[in-house]
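This report describes a protein chain from its overall architecture down to individual residues. Please keep the sequence and the coordinates at hand while reading.

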Amino acid sequence: LKLQFLYLIGSPTHPHPSSSAPMATIMLKGFLGSGVLIYLEQKFLTELFPALYKTGAFGLPKAYAAVLLFNVLGSMFRLLGLGMAVGGARKKYDVPLPKMQAEGDSEEAKKFNCVQRGHQQALETYPQFLAMSLASGLVAPVGTAAMGLVWSVARKAWADGYATGNPDSRYSSAASMGIWYTLLYVMTGTAGMAVKLAADI
């Protein structure tokens with residue numbers, strides 16, 4: 001349901017064709033939605049499932065284990081999968097290392113470049129997503145872990161759409177836009193952690 005909602009309002013860098021909302025408005029909705037989800041976790045989940053937030057090893061909430069599982073280990077395996085897809089495309093379209101891109105305007109060159117781009121684009125925002133997940137998980141471990149799972153699914157959908165050879169198809173799945181909304185969520189969580197530290201509350 002959430003992904004269907006995201007599909008309707010578009011993504012931060014690729015608004016849905018039927019949406020006239022500027023990118024700033026879409027990002028604002030993403031930040032506000034993330035803030036609401038984080039508030040709801042802190043307000044209700046901590047009371048409904050106190051065991052998840054009980055301090056465990058290293059002074060971290062027990063639910064933080066899910067952040068390490070999905071946002072760190074899970075995302076790593078997703079990137080490995082995307083990298084392996086590029087390796088397979090190198091053999092299929094005869095693009096030997098160390099070439100980063102296929103040359104020319106042939107259909108084969110275009111398809112390889114689209115597969116390669118599916119991996120490369122993930123790497124461009126992965127350090128930010130990973131670092132902010134570790135911080136956001138301290139504020140909202142359950143929500144952050146859920147975003148880690150959504151991120152992996154969204155990355156696969158985004159790359160699969162791109163790999164068709166038509167760049168516009170990278171957003172053909174509603175799940176694809178999760179790559180941006182998960183990033184906005186962990187950004188919001190990180191900002192919340194910074195405020196909490198500064199206020200010492």
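The sections below treat the fold, two of the helices, the loops and the salt bridges of this predicted model.

## Overall architecture

The protein chain contains six helices and zero strands. Along the sequence, its elements accordingly read α-α-α-α-α-α. The chain has 201 residues, and 40% of them count as buried.

Among the contacts with a separation of 6 or more, 68% join residues 24 or more positions apart. The accessible surface of the protein chain amounts to about 10,900 Å², and carbon and sulfur atoms contribute 68% of this area.

## Helix α2 and the nonpolar patch

Helix α2 covers residues 23–48. Its 26 residues reach 36 Å from the first C-alpha to the last, which is close to the 38 Å expected at 1.5 Å a residue. The helix nevertheless has a kink of about 35°, centred on glutamate 41. Glutamate 41 is also one of the buried residues of α2, a set completed by Ile26, Gly30, Ser34 and Ile38.

A nonpolar patch on the surface is formed by Val36, Leu37, Tyr39, Leu40, Phe44, Leu48, Phe49 and Leu52. Together these residues have about 760 Å² of accessible area. Leucine 48, a member of the patch, belongs to helix α2. Leucine 48 counts as exposed because its relative accessibility is 61%, and the cut-off for that class is over 50%.

## Helix α4 and glutamine 116

Helix α4 comprises residues 107–139. It has 33 residues and extends 47 Å from its first C-alpha to its last, close to the 48 Å expected at 1.5 Å a residue. A kink of about 45° is located at threonine 125 in α4, shortly before proline 127.

Is glutamine 116, a residue of this helix, buried or exposed? With a relative accessible area of 4%, glutamine 116 is buried, the limit for this class being under 20%. Leaving aside residues up to four places away in sequence, glutamine 116 touches Val86, Met100 and Gln101.

## Backbone features in the loops

Phenylalanine 58 lies in the loop between α2 and α3. Its phi is positive, at about 60°, although the residue is not a glycine. Phenylalanine 58 counts as exposed, with 82% relative accessibility.

The loop between α3 and α4 holds aspartate 94 and proline 98; helix α3 itself spans 64–93. Aspartate 94 has a phi near 55°, again a positive value in a residue other than glycine. At 64% relative accessibility, aspartate 94 is classed as exposed. In the case of proline 98, the peptide bond that leads to it from leucine 97 is cis, with omega near 10°.

## Salt bridges

How many salt bridges does the structure hold? There are two. One of them links glutamate 124 with arginine 117, and the closest N and O atoms are 2.6 Å apart. Glutamate 124 is partly exposed, at a relative accessible area of 39%. Arginine 117 is likewise partly exposed, and its relative accessible area is 27%.

The side chains of aspartate 160 and lysine 156 also meet in a salt bridge, at 2.6 Å from N to O. Both residues lie in helix α5, which runs over residues 141–162. Because aspartate 160 and lysine 156 are four residues apart in this helix, about one helical turn separates them. Aspartate 160 has 40% relative accessibility and counts as partly exposed. Lysine 156 is partly exposed as well, with a relative accessible area of 35%.

Notes:
Residues are numbered from 1 along each chain as its sequence is written. This is a predicted model: local features need pLDDT of at least 70, side-chain atom pairs count only at pLDDT 80 or more; totals for chains, interfaces and linings use all residues. Side-chain values use heavy atoms; hydrogens and water are left out. Helices (H or I, at least four residues) and strands (E, at least two) are DSSP runs, numbered from the N terminus. Buried means under 20% relative accessible area, exposed over 50%, partly exposed in between (1.4 Å probe, protein chains only). Contact means heavy atoms within 4.5 Å. Patches are made of residues with over 30% relative accessible area and no salt bridge: like charges are joined within 9 Å, nonpolar side chains (Val, Leu, Ile, Met, Phe, Trp, Tyr) within 5 Å. Accessible areas come from the Shrake-Rupley method with a 1.4 Å probe; for residues, only the protein chains shown count as cover. A salt bridge is a side-chain nitrogen of Lys or Arg within 4 Å of a carboxyl oxygen of Asp or Glu. The expected span of a helix is 1.5 Å times one less than its number of residues. The bend at a residue is the angle between axes fitted to the seven residues ending there and the seven starting there.
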